[in-house]
Amino acid sequence: MTTLPPSHHQNPTTTESEMSFHHKSPRATTTAATRSSFFSPKLSVYLCSICVTLFIVSNIKILQTPLPSSSKSLSFLHNWQEKLTTYDDSPPSCDPDLESMGDKLRESVTFLPLKDLRFANAALVGHTWFMSSLYDTQEEGEVQYQQFPSKSSDGRILCIKGHDNHDGSWNYYALAYPGFLPKNATLVTGRTFVSYNHYDFGNIWHGLSSLVPFVAWHLKSECALPTRWILYHWGEVRTGMSPWLNTLMEATFGGPMNIEKYDDAGDEQSTFCYEEAVVMRHNEGGMSREKRMGVYDLIRCKARTMCGAELDRTDGEIGLTLLMRTGPRSFRDETAVVGIFERECKKVENCRLRVAYSSNLTICEQVKLMGSTDVLVSPHGAQLTNLFLMDRNSSVMEFYPKGWLKLAGVGQYVYKWIASWSGMKYEGSWRDTDGELCPYPDDDRRCMSIYKNGRIGYNSTYFAEWTSKVLNEVKIRKFEEASKGNIIPTRCACS
């Protein structure tokens with residue numbers, strides 16, 4: 001029998017433990033080593049650092065790129081804000097990094113001047129010099145506005161720093177995410193209306209044209225109400241408006257105006273961030289005539305309700321009101337002018353003449369007077385702003401002193417515009433050709449300083465024929481309306 005030599009698989013001197021070792025492959029050895037090192041402290045810190053880095057990169061991407069308009073995207077941002085402000089669900093070792101990221105978001109808020117001096121020579125062009133980096137939202141026929149927070153602001157809210165009332169370029173604005181306001185900022189709760197007026201809140205026409213857009217937004221937003229108002233003129237804080245306008249807005253919105261005065265604001269550079277803000281800076285521009293008439297209907301109705309006046313008349317009377325002025329742009333011979341209109345009124349059945357001065361009437365007396373007026377006769381001036389308080393389809397007759405047609409610019413037509421916007425009939429105007437002499441050519445702008453506050457004469461024949469025509473048209477119109485059945489409103493919109 002032949003004996004075979006021992007092979008390398010048959011080593012009688014190899015122990016059991018050695019055999020076990022030799023039967024482990026190199027791959028198995030590596031796997032075991034990897035499992036051991038996977039749970040090392042260094043690797044845990046390394047992975048956590050990667051997570052924080054990826055998080056920072058993703059947030060920088062969010063800040064640089066507008067969010068999609070879907071509600072899921074905004075919800076995603078809010079979830080991250082909650083993660084950063086609530087650390088209960090985060091690994092303890094990552095808290096300092098997340099807190100540092102929150103600080104970076106706060107520090108990244110950039111403040112810009114409320115009044116952008118680059119547009120000082122074209123402040124009414126485009127989107128104005130007020131908050132010039134932002135654009136308005138506008139739907140077809142609706143008012144132009146900005147709202148914060150919103151999709152267009154990527155969920156950010158409006159922050160304002162400074163309350164200077166002399167130079168708007170020293171007041172600043174910025175947008176910030178609600179969870180990451182600038183350091184030392186105060187969050188102001190409720191809804192804030194921010195109004196920019198390029199002209200004047202004291203003048204009832206300019207003030208009204210600035211606040212009408214808020215009434216339009218109020219109507220389109222299911223009658224949403226403001227908690228407070230902030231008023232700006234050229235970026236400068238204003239703390240009040242004309243009593244006439246203040247009262248009408250209180251009636252319209254059902255409560256005090258609560259105009260921000262910053263009395264307890266502390267440092268002039270204190271920062272306030274507003275939970276919700278609606279900003280208007282374009283007056284009535286862009287609104288359709290139908291929308292504007294709805295706005296004036298609401299203000300008229302609310303004012304009559306506040307003052308206890310009738311919402312609609314059924315007396316059959318034709319009210320002819322001469323709303324007079326004293327001083328600049330008044331009639332030179334008021335007695336003669338009143339006599340002309342008085343004679344023509346007596347020729348028309350049920351015509352009643354009233355002569356009044358708005359400066360002698362309370363707000364509610366003006367509301368009631370206009371509510372009983374079908375034909376308003378008045379010189380050009382702020383008192384004519386009352387015209388929208390008449391019933392729809394009422395008539396307006398306007399009078400100008402010498403020189404206005406050539407030199408007064410488009411502003412001379414504001415009451416023609418408001419008559420159209422509020423549903424009235426503008427019956428035309430009469431312009432005096434007599435007055436003070438100007439030493440310069442008639443079309444020289446320097447003449448306007450002479451003509452601006454001139455007084456108004458009269459033309460007996462023209463006034464009588466014009467008044468007779470208007471009164472007879474009103475009589476026919478009222479008869480036709482009465483024959484159709486007069487529907488008396490019992491309540492105002494947003495009541």
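Which residue caps the N-terminal end of α6?

1. In this predicted model, the cap of helix α6 is Asn203, which places a side-chain oxygen 2.9 Å from the backbone nitrogen of Trp205. Beyond the helix comes Glu222, a residue with a positive phi, near 55°.

2. The length of α6 can be checked against expectation: its 17 residues, 204-220, should span 24 Å at 1.5 Å a residue, and because the end C-alpha atoms are 24 Å apart, the two values agree. The helix nevertheless carries a kink of about 30° at Ser210, and the proline Pro213 follows shortly after that position.

3. As for its surroundings, α6 is mostly covered, since 14 of its 17 residues are buried.

4. Turning to the sheet, five strands form an open arrangement in the order β10-β9-β11-β12-β13, and their pairing is parallel. The edges are taken by β10 (351-357) and β13 (425-431), each of which has a single partner strand, so one side of each is left without a neighbour in the sheet. From one strand to the next, the twist averages 15°.

5. Within this sheet, the parallel strands β9 (residues 318-324) and β11 (residues 375-379) are joined by three bridges, and Thr321 stands opposite Leu376 in β11. In general, the strands of a sheet pair through backbone hydrogen bonds, in either a parallel or an antiparallel manner.

6. Helix α9 (residues 334-346) packs on the sheet, where it touches β9, β10, β11 and β12 (395-400). The direction of α9 makes about 160° with that of β10.

Technical notes. Residues numbered from 1 in each chain as written. Predicted model: local features only at pLDDT ≥ 70, side-chain atom pairs only at ≥ 80, totals over all residues. Heavy atoms only, no water. Helix = DSSP H or I, 4+ residues; strand = E, 2+ residues; numbered from the N terminus. Expected span 1.5 Å × (residues − 1). Bend = angle between axes of the 7 residues up to and from the residue. Buried < 20%, exposed > 50% of the residue type's maximum accessible area, 1.4 Å probe, protein only. Polar contact = N/O pair within 3.5 Å; in protein donor to acceptor, adjacent residues only side chain to side chain. Pairing = 2+ DSSP bridges. Axes fitted to C-alpha atoms, helices over the stretch in contact; angles between N-to-C directions. Contact = heavy atoms within 4.5 Å.
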